[in-house]
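Before reading on, please take a moment to look over the chain and its fold as a whole. The paragraphs below go from single residues to packed helices and then to the interior.

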Amino acid sequence: MTTAVPPRTPPAVLPGPNDTCWCGSGSKYKKCHRGADAVEARKKGPDTARKGVRPGLISPRRDVPIHIPRPDYAASGRPSRRAPASEINTPDVIARMRRACKAAAEVLQEVSAHVRPGVTTDELDAITHEAYIKRGGYPSTLNYHGYPKSLCTSVNEVVCHGIPDSRALEDGDIINLDITIFLDGVHGDCSATYFVGNVDAESQRLVKVTRECLDIGIAAVKPGRPISDIGRAIEDHATKNGMSVVRAYCGHGIGETFHTSLQIPHYFEPESNTLMEPGMIFTVEPMINLGGWGSRTWDDGWTAVTADGSRSAQFEHTLLVTEKGPEILTVP
């Protein structure tokens, strides 16, 4: 008598492209089941969208008073391609970054106090917009490559870049608020994920592990070490907890330019071998998924969601590399 062997199914956390395939073939994932898994994820896409977050109505762009200093892209939507002369910042830029990052942290603290069931993400955007202006700052995201709002609100399966709209938050949601202010000629950037009402245990665990990933990534910031140390530490912790690290988005250098060419992957990327040096300023902002690490983008060109519909969380700080290690700049 022959016993039937049940077919193997993909795990919740899919392997990386160069890892061994989950099916047991011994081949690399990219040469085995990666394509088939992507097809299945796309098939599930419409059903996931109907059950998950759906786009609402987007209100007109909010005005910024004329006296508020603006970044170079505020009118055109096109940031200058002029790269900073060096990723090592001057004492003057560092001093201004401390002020801008402190302001960003204060704004995040202020707007997060309004997160509750029934509030719309557009209302949170209005609160954030006024908080920037009150501090003499410009919303860095506003018209950056055409982005229409002053805040990114990423709910449940939205990985990042969610556009505030008329959707009201619901009991059980999780939401990431991503804050960036242009103040004193530099950008301060931070984000955090919050519970909306009563949240299920697995989502609570996701947020907890994501916060731990941020802390572990920050602890890996040491002068003389390669940037890849950050992603290695984050990926190890996420994988140990049965979660995955989003690969399509990363941390970045920041200062007088919103995004410099310096990139900070949150998974282990051996080619990220740039050595960290005192004076560097960049963000660490891991996006962690309950399911696989794949993502797709809505038709709006901004909203990134998990490919499998699983929930995603994110935390972010802007850091200064010092001789002794990391200084977290985005603290209120």
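Helices, as the word is used here, are DSSP runs of at least four residues in state H or I, numbered from the N terminus. In this predicted model, helix α2 is where Lys-102 is placed. With a relative accessible area of 40%, Lys-102 is partly exposed, because that class lies between the limit of under 20% for buried and over 50% for exposed. Leaving out residues up to four places away in sequence, Lys-102 touches Leu-329, Val-331 and Pro-332. Another pairing can be described by distance, since Lys-102 and Cys-190, which are 88 residues apart in sequence, have C-alpha atoms 9.8 Å apart in space.

The wider setting can now be described. The chain contains five helices and 15 strands, and of its 332 residues, 51% are buried. Among the contacts in the chain with a separation of 6 or more, 69% are between residues that stand 24 or more positions apart.

A residue from one of the strands offers a contrasting case. Is Thr-153 buried or exposed? Thr-153, which is found in strand β2, spanning residues 152-155, has a relative accessibility of 5% and therefore counts as buried. If residues up to four places away in sequence are not counted, Thr-153 touches Thr-121, Gly-162, Ile-163, Pro-164, Ile-175, Asn-176 and Leu-177.

The helices come next, and their packing needs two quantities. Two packed helices are described by the angle between their axes and the distance between the axes. For α4 and α5, the angle is about 155° and the axes are 8 Å apart, which means that α4 is roughly antiparallel to α5. The crossing of these two helices, α4 and α5, is right-handed. On the α4 side the contact is made by Val-209, Glu-212, Cys-213, Ile-216 and Gly-217, while α5 contributes Ile-230, Ala-233, Ile-234, His-237 and Ala-238. Sorted by class, the contact of α4 with α5 consists of seven nonpolar, two polar and one charged residues.

Helix α2, already met through Lys-102, also packs against another helix: the axes of α2 and α3 cross at roughly 145° and come within 9 Å. Here, too, the crossing of α2 past α3 is right-handed. Val-107, Glu-110 and Val-111 in α2 meet Leu-124, Ile-127, Thr-128, Ala-131, Tyr-132 and Lys-134 in α3, and by class this contact of α2 with α3 has six nonpolar, one polar and two charged residues.

What remains is the nonpolar interior. The largest nonpolar core has 68 residues, and those with the most contacts inside it are Leu-124, Ile-179, Ile-230 and Phe-282. At least two residues of this core come from each of α2, α3, β4, β5, α4, α5, β9 and β14, with α2 giving the most, namely ten residues. Leu-124, which also takes part in the meeting of α2 with α3, is in contact with Val-111, His-114, Val-115, Val-119, Leu-151, Leu-169, Ile-175 and Leu-177, when its neighbours within four places in sequence are left aside. Apart from the largest core lies another core, of seven residues, among them Val-64, Ile-68, Ile-133 and Tyr-138.

Conventions
Residues numbered from 1 in each chain as written. Predicted model: local features only at pLDDT ≥ 70, side-chain atom pairs only at ≥ 80, totals over all residues. Heavy atoms only, no water. Core = buried A, V, L, I, M, F, W, Y, C linked by side-chain atoms within 4.5 Å. Buried < 20%, exposed > 50% of the residue type's maximum accessible area, 1.4 Å probe, protein only. Contact = heavy atoms within 4.5 Å. Axes fitted to C-alpha atoms, helices over the stretch in contact; angles between N-to-C directions. Parallel < 35°, antiparallel > 145°, perpendicular 65-115°, else oblique. Left-handed = near helix turned anticlockwise from the far one by under 90°. Nonpolar A, V, L, I, M, F, W, Y, C, P; charged D, E, K, R; others polar.
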